[in-house]
Every structure is written in C-alpha cells, then in structure tokens.
Amino acid sequence: MPPVKLSIHADPAGPVIDPHIFGHFSEHLGRCIYDGLWVGEQSPVPNTRGWRNDLVVVLKQIRVPNLRWPGGCFADDYHWREGIGPREKRPRRINAYWGGVIDDNAVGTHEFLDLCEQIGCEPYLAGNVGSGSPRELREWVEYCNAAAGTLADERVANGRATPWKVRLWGVGNETWGCGGNMTAEYYAHEYRRFATYTRDFPDAKIYRVASGARNDDYHWTEVMMREAFKGPIGGPMLQGLSLHYYTVPGEIPWPPAHPATGFDLTGWKDVMALGWKMDELVRGHRAVMDRYDPKETTALVVDEWGSWYAPEPGTNPGFLYQQQTVRDAVLAALNLNIFINHCERVRIANLAQTVNVLQAVALTEEGGGRLVLTPTWHVFALYAAHQGARRLRVESTAKTLSHTGIDYPAVSATASLDAAGAVNVTVCNTDAETPVELELTLADGVIAGCTAQVVTAPVLDTCNTFDRPDAVVAQPLGGVTVKGSTVSATLPPGSVAAFRFAN
Ligand code: AHR
C-alpha cells in the first residue's frame, strides 16, 4: 500500500479554532453531578466546597473551556430559585426525566458557578423555556449578572458579592422534544419573546443560544434563521443556534441496545460511519445558515454530541452510565476534526456528558470511590493544543471507506499553528484492521524535529477500568522519522495520534 500523504499548508494560516468547541456538558442525570462531580462538603472524598478535587484537576488538564448545565431535558424542568439560599431549605424535587430520583437541589447556581471558577472554565447556563417563563429566565440572568438592584442584593445576601457575568445562555433545550414538544414555527416565536427579556447588563453582554435541530431536521434550522435570526431593528437576535446529534449504533428501537464493549467489526464500522455523519449534518445546517447569515455572525453550536450505547449491565438504565473504548477515542477525534474543519461556523460544542454519563471523559466508582480517565479524555488532552490556534489546510490522499451507505475517511486529519509558532497535527485511523503508513509534509517549511503520541490498544474494545486504569492512554508513537519537510510514521489500526513539529 502506498503511504497516505498529508500535505500541511502553513501559509496562509486559516481561522482561529475557538477553544469553546472543546466544551463539555454536565446534567442532573445519573451520577454526573451527584455522586460524580459533587460529593458534598462533608464527604471523606477530598473536595473543595463539595466538588471532587481529583475531577477538577483532570478537567483543568484538558483545559475545559466551558461547561453546560443543568441540562439537557432536565433544564426545562428546572427552576433556578429552588437552588439558591440555605441548602437545608431547598425543596426536594423528583428528577422526572432521569430515573425519577430525588434531587434535593444541593447543587444550584452558586455551587455550579463555583465549580466553573475552580476549573477555570466559562459556565454555559441552559434556561428553562418548556415549563418556565420569560420572567423566570430574565431574573436568572439578572441574579447572575447585575451589579445592583433587588436581585443583586439577594445574590449578595446568599454569599456572592460580585456578579458572575455569565455570558453563555441557552434559551431552551430540545424544544422539539423534551423541552416542550413545539413545532419550529411555534418555538421561533417563543424564542423571540424569551430572547427579548434575556438582557445584557453593564459589562455583561450575553450570548444567546437557541434550541436547534435534531440530526438532519434542516426545516428547523430554516425556520429559526428565517423567523428568529433578525431582530426588530435588524441586528441578530441569535448568537448561536444549536444542533444535537448522537452516535447511536442500531438507533431503532429506542433505548439504545448496542454494547459499549464486546462489539464486533460491524459495531466498530457502525460507529465510524455514524460518527462521520456529523460532517454531512454540519455541512447541511451550515448551508441553510449561510443563506440568511452569509457573514457567519451566528454560530452553529453542537451542544450535545457523543456515543450513546446500552447502559452498563447492572446499572440503573435511567442513569446512562456506559464504558468507553478505543472506538470512542477515534469517534471523539473524528468529531473534533469535523468541528475544526468547520470552525468558521462551529464555534461552540459540548460533549455529553463530563462524568459517568454517555461519552464521559471520566468515570467514578459509586459512593465517591476511585476515578478513571476514559480514552476520550486522552483524546481531549491531545487536542488541547488546537485551542485558540490557527487552522491549517490539510490535503490528504487517504482513501474513503464505506459502510451502511455512508462514506467516511480512512484517515482524518487536522492541523493548526499555535501562538508559539509550532504546528500541531492530529490524525486518526478509522480502519480497525489495517495500519496506515503516513507521510506528513509541511508544504512551506522545514521540520526541525517532531514529537508524537498515540492513543490505541491491540484489542480495540479495550477500556480503562478502576483496576486497570491505564489500558488505553496516550503513549509515545515509536518509529517516527523526520527528513527535511517530511515526517514518516505508522498509525496502528484504530488509533488517534498527535504530532508536534518543532520550528
Ligand atoms: O444527554 C442526554 C439527553 O440527551 C439530554 O438531556 C437531552 O437534551 C438529549 O436528548
């Protein structure tokens, strides 16, 4: 087989890759917040004001840029006032979407925003449209962002003197489904009404994200852009419009039955092909948005993505706890490559969900036990080099694979130029059976040296467990040679690699 040639063009450098495309999502669902990130101040698990220290550390390590909260479907059943003030007085509510468990509102606005400050990320608050009111959302914004007035006074009395100045606000979630079962036309008008009252406060200009399409519902995007993009005085009312797409092998019947581990070659290919479908969806929604907004002022916000498998045997099916394998590492790389390739329009994205739910970056034992990083965490660690860097054009000779009528690349790659002048290249081999000989060429320069890491395992359904936490980690990639402007290397079957060229 001839080598796959990747030619990287550093001149001219392309658009800046917004760090927010590496965002995460944490819902009141299963053990993501409670018995995940949150253990409570009295817990023997080392914590800072209730948040698990070890999790904060590993989220900082991958430079989480933003965290979306409190849902998901939960957000449209959530009333922020129930989560402020003395904890012992907060109401106990049933989490109707996720397992019917009691949520005692121990984690509310102050606690979540404290977590974001500990991680050093921006909060992305999802407002309730489905069962809330414009007034309720308006007051949440004011409570968080106003420097003075009754709601600011209440915030100060609850222990927070300075406004948080939360910038990112979702105006409803999946309003076509759990967020109110609305039509696109109905929601577009609701959006305009809610957006009117989600106001900017001094030094706290907000960024509104409208609830967008599921999968290939281009009609939804069309209606939102037509009806809600332009405000009454011409300026955009939308800063972002969302898209939700999960990689769900064997989607029908619901709930997903495909196993997270123990899959065969067909299961591998299902995930590669369905994962790459994100590219088609982003192109399709971009094309609709381009017609109304050719200057790309409004972002496509992919604020829920990732794999969705059958729940891990023996766990509460309403908690969506699943394992992660090398397959998820490659899926993460494919999606991040797609977002980087479309970074002119995709400027925020959120993997679902941070801890213990769906394609999490970390898993914890019940009751605050051990922590393990998933293969997906290791991919986010490799890709952190792209945050805020300038995208570079990559020409590829990689062949196309095909499965279930979907074409996807055998090798997918992205490259960027960072502030220090170094070129970072991330590449994945989606073929589970065949290694790939790579030739990476820097079209306009000489490569002084190269470091390379790879995430893979000899058996592709290998996962990290509490007893074997390092089965799938990033390791130095051996056999890399540099000659002039070309790096040669072999990518193992089913792998994700990151190269950094010294300048
Ligand atoms: O991430 C799990 C759920 O998936 C979210 O609550 C919802 O928005 C989506 O359907």
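**Exercise 1. Disulfides**

Find how many disulfides the whole structure holds, and which cysteines form a disulfide.

Solution. This is a predicted model. A disulfide requires two cysteine sulfur atoms within 2.5 Å. The sulfur atoms of Cys73 and Cys178 are 2.2 Å apart and form a disulfide. A search of the whole structure finds one disulfide. The torsion about its S-S bond is about -85°, so the Cys73–Cys178 disulfide is left-handed. The two cysteines are 105 residues apart and link distant parts of the chain. Cys73 sits in the loop between β5 and β6, and Cys178 in the loop between β9 and α5.

**Exercise 2. Cysteines outside the disulfide**

Determine whether Cys428 is buried or exposed, and why Cys463 has no bond to Cys32.

Solution. Cys428 is in no disulfide; its nearest cysteine sulfur, in Cys450, is 17 Å away. Buried means under 20% relative accessible area. Cys428 has 0%, so Cys428 is buried. For Cys463, the closest cysteine sulfur belongs to Cys32 at 19 Å, which is too far for a bond. Cys463 has a relative accessible area of 16% and is therefore buried.

**Exercise 3. Two residues of helix α9**

Describe the surroundings of Thr376 and His378.

Solution. Start with Thr376, which is in helix α9. Its relative accessibility is 0%, so Thr376 counts as buried. The side chain of Thr376 makes a polar contact of 3.1 Å with that of Gln359. Beyond four places in sequence, the contacts of Thr376 include Gln324, Asp328, Leu351 and Val361.

Next, His378 lies in helix α9, residues 375-383. At 9% relative accessibility, His378 also counts as buried. Among the residues His378 touches, beyond four places in sequence, are Val455, Asn464 and Val472.

Note on methods
Residues numbered from 1 in each chain as written. Predicted model: local features only at pLDDT ≥ 70, side-chain atom pairs only at ≥ 80, totals over all residues. Heavy atoms only, no water. Helix = DSSP H or I, 4+ residues; strand = E, 2+ residues; numbered from the N terminus. Buried < 20%, exposed > 50% of the residue type's maximum accessible area, 1.4 Å probe, protein only. Contact = heavy atoms within 4.5 Å. Polar contact = N/O pair within 3.5 Å; in protein donor to acceptor, adjacent residues only side chain to side chain.
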